[in-house]
Amino acid sequence: MNLKDKIKQKWNIKTNKDFWLIMLVFSLAGVSTGTFRRIILPLIGFKETTPLWINILASIPICMTIYLLGTLFWGTVLGQSWFFNPRMKRRINFLRGRKN
């Protein structure tokens with residue numbers, strides 16, 4: 001059994017098409033995160049002279065939020081919301097400190 005088949009079994013993915021669309025969603029969400037980060041940081045006042053440690057600390061919550069929203073957006077656009085919505089709901093509840 002190869003890695004793709006193990007992932008499909010673990011995540012309960014039925015078809016190869018769904019598997020590749022889910023992988024595409026992860027990729028597009030990652031690219032979107034980098035793109036929007038470069039747009040958002042200057043809008044909230046970050047400049048090239050901003051110390052690196054401040055830039056890194058501010059980027060962590062911004063990138064996490066953009067990635068969550070990106071996976072929901074791209075998952076819906078590509079018809080994979082059945083896969084991403086429950087996982088993102090659990091992740092958001094975890095960040096809020098809720099059990100369910």
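Okay, let's start with one residue: Leu24 is partly exposed, with a relative accessible area of 37%. Leu24 sits in helix H2. And before I go further, keep in mind that what we have here is a predicted model.

Now look from Leu24 across to Phe84. Those two are 60 residues apart along the chain, and their C-alpha atoms are separated by 13 Å. Phe84 will come back several times, so keep an eye on that one.

Let's go through the helices in pairs. Two packed helices are described by the angle between their axes and the distance between the axes.

First up, H2 and H3. H2 covers residues 16-43, H3 covers residues 52-77, and their axes come within 8 Å, crossing at roughly 135°. How do we describe that arrangement, then? H2 and H3 are oblique to each other, because only angles over 145 degrees count as roughly antiparallel. The crossing of this pair is right-handed. On the H2 side, the residues making the contact include Val25, Phe26, Ala29, Phe36 and Ile40, and on the H3 side they include Asn55, Ile62, Ile66, Tyr67 and Trp74. Sorted by class, this contact has 12 nonpolar, 8 polar and 1 charged residues.

Next pair: H3 with H4. These pack at an angle of about 160°, with the axes 8 Å apart. So that makes H3 roughly antiparallel to H4. This crossing is left-handed. Who's touching whom? From H3 we have Met64, Leu68, Thr71, Leu72, Gly75 and Thr76, and they meet Ser81, Phe84, Asn85, Met88, Arg91, Ile92 and Leu95 in H4. The split in this contact is 7 nonpolar, 5 polar and 1 charged.

That leaves H2 with H4. Here the axes come within 10 Å and cross at roughly 50°, which makes H2 oblique to H4. In this contact Asp18, Ile22, Val25 and Phe26 of H2 meet Trp82, Phe83 and Phe84 of H4. How many polar residues does the contact of H2 with H4 have? By class there are no polar residues in that contact, with 6 nonpolar and 1 charged.

Okay, on to the inside. In soluble globular proteins, nonpolar side chains tend to be buried together. In this model, the largest nonpolar core has 8 residues: Ile13, Phe19, Ile22, Val25, Leu68, Phe83, Phe84 and Met88. So there's Phe84 again, as a member of that core. H2 and H4, the latter running 81-96, each supply at least two residues of this core. Phe19 is one to click on: leaving out residues up to four places away in sequence, Phe19 touches Lys4, Ile7, Lys8 and Ile13. There's also a second, separate core of 5 residues, and among them are Phe46, Ala58, Ile62 and Ile66.

Let's stay on Ala58 for a second. Ala58 lies in helix H3. Is Ala58 buried or exposed? At 18% relative accessibility, Ala58 counts as buried, since the cut-off for buried is under 20%. Measuring from Ala58 to Arg91, C-alpha to C-alpha, gives 20 Å in space, for two residues 33 apart in sequence.

One last stop, back towards the start of the chain. Where is Asn12? You'll find Asn12 in the loop between helix H1, residues 3-10, and H2. What's the phi of Asn12? Phi is near 60°, a positive value in a residue other than glycine. With 49% relative accessibility, Asn12 counts as partly exposed, because exposed means over 50%.To wrap up, there are three helix pairs to take home. H2 and H3 are oblique, H3 is roughly antiparallel to H4, and H2 is oblique to H4.

How values were computed:
Residues numbered from 1 in each chain as written. Predicted model: local features only at pLDDT ≥ 70, side-chain atom pairs only at ≥ 80, totals over all residues. Heavy atoms only, no water. Axes fitted to C-alpha atoms, helices over the stretch in contact; angles between N-to-C directions. Helix = DSSP H or I, 4+ residues; strand = E, 2+ residues; numbered from the N terminus. Parallel < 35°, antiparallel > 145°, perpendicular 65-115°, else oblique. Left-handed = near helix turned anticlockwise from the far one by under 90°. Contact = heavy atoms within 4.5 Å. Nonpolar A, V, L, I, M, F, W, Y, C, P; charged D, E, K, R; others polar. Core = buried A, V, L, I, M, F, W, Y, C linked by side-chain atoms within 4.5 Å. Buried < 20%, exposed > 50% of the residue type's maximum accessible area, 1.4 Å probe, protein only.
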